[in-house]
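Please look over the sequence and the model before reading on. The text after them is a walk through the fold, its charged pairs and some of its buried positions.

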Amino acid sequence: MSPSTTRIVAIVLAVVLVLGAAGVAIGYGLSARDGDDSADGPERAGPAPTSTPSADATEPPDPALAAYYGQSIDWAACEDDDDMECASLTVPVDYAEPDGETIDLRLLRDPADEPGQRVGSLVVNPGGPGSPGTSYAAAGTQAFRQPLLDAFDIVGFDPRGTGGSDPVDCLSDDELDAFLAADPDPDDAAEEQALVEDLDGFFAGCVERSDALVGHVTTVEAARDMDVLRAALGETTLTYLGASYGTKLGATYAELFPQRVGRLLLDGAVDVSLSTRESSLGQARGFETALRAYVEDCVSGDDCPLGGSVEEGLATITDLLDDIDAQPLPTSDDRELTVGSAFYGVVTPLYVRDYWPLLTQGLEQALDGDGTTLMLLADAYASRDSFSGDYLNNSAEAIYAINCLDDPTALAPEDVPAQYADFEEASPTFGRVFAWGLVGCAGIEVEASEPAPQIDGAGAAPIVVVGTTRDPATPYEWAQALAEQLDSGVLVTRDGDGHTGYNSGNECVDTAVEDYLVEGTVPDDGLEC
């Protein structure tokens, strides 16, 4: 592998970590921004964030939580980066038992670059679920543009059970390697049985290798943690930027604490009303749409290794995955690229259009019998350091632990083939993989302490939802749906490729987001960029 390839893969890893994974377990035409010529001017968002909170800012929703809401945060320079500040926040393991066990959430703050222009604290979450919010906050200009960095202390927290917040542990690194490499589309009864045994072993491992928190990593509990964080930051209302799964977390917060909603930006939105099956079908369509857009771009240029037409290119990829299923490919580090790893290697670059050339390189290599680049991309998806073999965080485990605690619905293996027709219609390339993903929560051994609420955020200030038309992981239709479901939802559309819309090269979207978060100016509902 060339040095330039190593550098590009490192950048892809950083971008995937910033965006968060929302996978199976998983120039633009700018429209004019219509002004509001009414005497009252543009609609305003909720109250501006402030470090001088109102008298009731630390008032708990339950008197038994007073000690948590009365905390102050002891910020200190981070050990590995003097420009960032680190701290911890104590929350109860179980909000129904506030006098019981507690956990400390890891926090990171990137102070506002222009203290004289500081607006307040912006809490951020990159999605996953399972991706560390501290890494997102520390990502700087990779994730946020200068207007946000100037105006806000960017505050990230690792949600309970992730990163440095008592991370859920389910498998050893070697076991996790094998788990992720397994065939996601079993070919026979033996492979089906192996899949069931892998899932049973995974969830048994979560209980054996983790503490009681493994039963308390729901989105609802993480949203309750965010309100404790808001109070500790000295904010009367929450200003928040959530990407991908972070939109579900933000919408849940709006449902639980509508009067504490300040300015919420939900980018790459999740449709919180969908069943597990509907979500899987939506993602199958989303990744097929993104793959087709990539192939169309590839074959329109010179030297595309996939063929001369979109259909020929898609067939080449399908045949390649079938060949890898039959015979895994060698890689430069002596691991074999299995079809499971190849799947993640193909979908990872679809998250960011700028990395489509790396997918072309990986596919060209694989067609020549070398799985190295696709394996590196699969490792990036799982937050695995390809060179040391270490996992940089527990996101590949936490995504199962959190999703399946939120919704443990699972199909029995014998019921999956009946789903093939619908899933292959949604995605001829990936459909059966997503159909088999419906068994993913089989074997979970814990139950949520409280049910997930129906979400409309009634009573909340305007909430801005951003959707991208060819987003692979959170299809555009999900953003439309979430904006409609939220009583105060406002939809902004980015016409483009890749996952999420902010800081993706679209000035119209970026300006709308920054005007909203910094100035409180709510964009026109239905703004198209």
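The paragraphs below go from the overall make-up to salt bridges, then to surface charge and to individual buried residues.

The model is a predicted one. The protein has 529 residues, and 57% of them are buried. Its secondary structure consists of 18 helices and 12 strands. The accessible surface amounts to about 20,400 Å², with 46% of that area belonging to carbon and sulfur atoms.

Charged pairs come next. Side chains of opposite charge can pair when their charged atoms come close. Across the whole structure, 23 salt bridges are found. One of them joins the side chains of Glu507 and Arg145, with an N to O distance of 2.9 Å. Glu507 belongs to helix α18 (residues 507-519), while Arg145 sits in the loop between α3 (133-137) and α4 (146-151); the two are 362 residues apart in sequence, so the pair ties together distant parts of the chain. Glu507 has a relative accessible area of 43%, which makes this residue partly exposed.

A second salt bridge is formed by the side chains of Asp406 and Lys248, at 3.0 Å from N to O. This pair also links distant parts of the chain: Asp406 is in helix α14 (residues 395-406) and Lys248 is in helix α8 (residues 245-256), 158 residues apart. Lys248 is partly exposed, with a relative accessibility of 23%.

In another salt bridge, the side chains of Arg277 and Asp422 meet at 2.6 Å, N to O. Here helix α9 (residues 276-299) supplies Arg277 and helix α15 (residues 420-426) supplies Asp422, and the partners are 145 residues apart. Both ends of this bridge are partly exposed: Arg277 has a relative accessible area of 31%, and Asp422 has one of 37%. Elsewhere, salt bridges that share partners join Asp177, Asp333, Arg335, Asp379 and Arg384 into one network.

Some charge on the surface is gathered in a patch. Asp187, Asp188, Asp319, Asp322 and Asp323 form a patch of negative charge there. Asp188, one of these residues, lies in the loop between α5 (173-181) and α6 (189-209). Its relative accessibility is 37%, so Asp188 counts as partly exposed.

Other aspartates are buried. Which residues touch Asp227, beyond those up to four places away in sequence? This aspartate is part of helix α7 (residues 219-232), and its relative accessibility of 2% means that Asp227 counts as buried. Tyr69, Tyr253, Phe257 and Arg260 are the residues that touch Asp227 when positions up to four places away are not counted. Val261 is 34 residues from Asp227 along the chain, and the C-alpha atoms of the two are separated by 9.9 Å.

Asp510 lies in helix α18, the helix that also holds Glu507. At 3% relative accessibility, Asp510 is buried, whereas Glu507 is partly exposed. Leaving out residues up to four places away in sequence, Asp510 touches Arg145, Gly501, Tyr502, Asn503, Ser504 and Gly505. Arg145 is also the salt-bridge partner of Glu507.

Helix α8, which carries Lys248, also contains Thr252. Lys248 is partly exposed, but Thr252 is buried, at 3% relative accessibility. Apart from its neighbours within four places in sequence, Thr252 is in contact with Thr219, Val220, Ala223 and Ile455.

Helix α8 is also one of the elements against which the buried residues of α17 pack; the others are β7 (261-267), α9, β10 (463-470) and β11 (489-497). Why is helix α17 (residues 476-485) largely enclosed by the rest of the structure? Seven of its 10 residues are buried, so the rest of the structure largely encloses this helix. Those buried residues are Tyr476, Trp478, Ala479, Ala481, Leu482, Ala483 and Gln485.

The last position is Met375, in helix α13 (residues 372-381). Met375 is buried, with a relative accessible area of 5%. Leaving aside neighbours within four places in sequence, its contacts are Thr331, Arg335, Glu336, Leu337 and Ser341. Among them, Leu337 is 38 residues away in sequence, yet 6.0 Å away in space from C-alpha to C-alpha. Arg335, another of these contacts, is a member of the salt-bridge network described above.

Notes:
Residues are numbered from 1 along each chain as its sequence is written. This is a predicted model: local features need pLDDT of at least 70, side-chain atom pairs count only at pLDDT 80 or more; totals for chains, interfaces and linings use all residues. Side-chain values use heavy atoms; hydrogens and water are left out. A salt bridge is a side-chain nitrogen of Lys or Arg within 4 Å of a carboxyl oxygen of Asp or Glu. Helices (H or I, at least four residues) and strands (E, at least two) are DSSP runs, numbered from the N terminus. Buried means under 20% relative accessible area, exposed over 50%, partly exposed in between (1.4 Å probe, protein chains only). Contact means heavy atoms within 4.5 Å. Accessible areas come from the Shrake-Rupley method with a 1.4 Å probe; for residues, only the protein chains shown count as cover. Patches are made of residues with over 30% relative accessible area and no salt bridge: like charges are joined within 9 Å, nonpolar side chains (Val, Leu, Ile, Met, Phe, Trp, Tyr) within 5 Å. Lys and Arg count as positive and Asp and Glu as negative; His and the chain ends are not counted. The place of a charge is taken as NZ of Lys, CZ of Arg, CG of Asp or CD of Glu.
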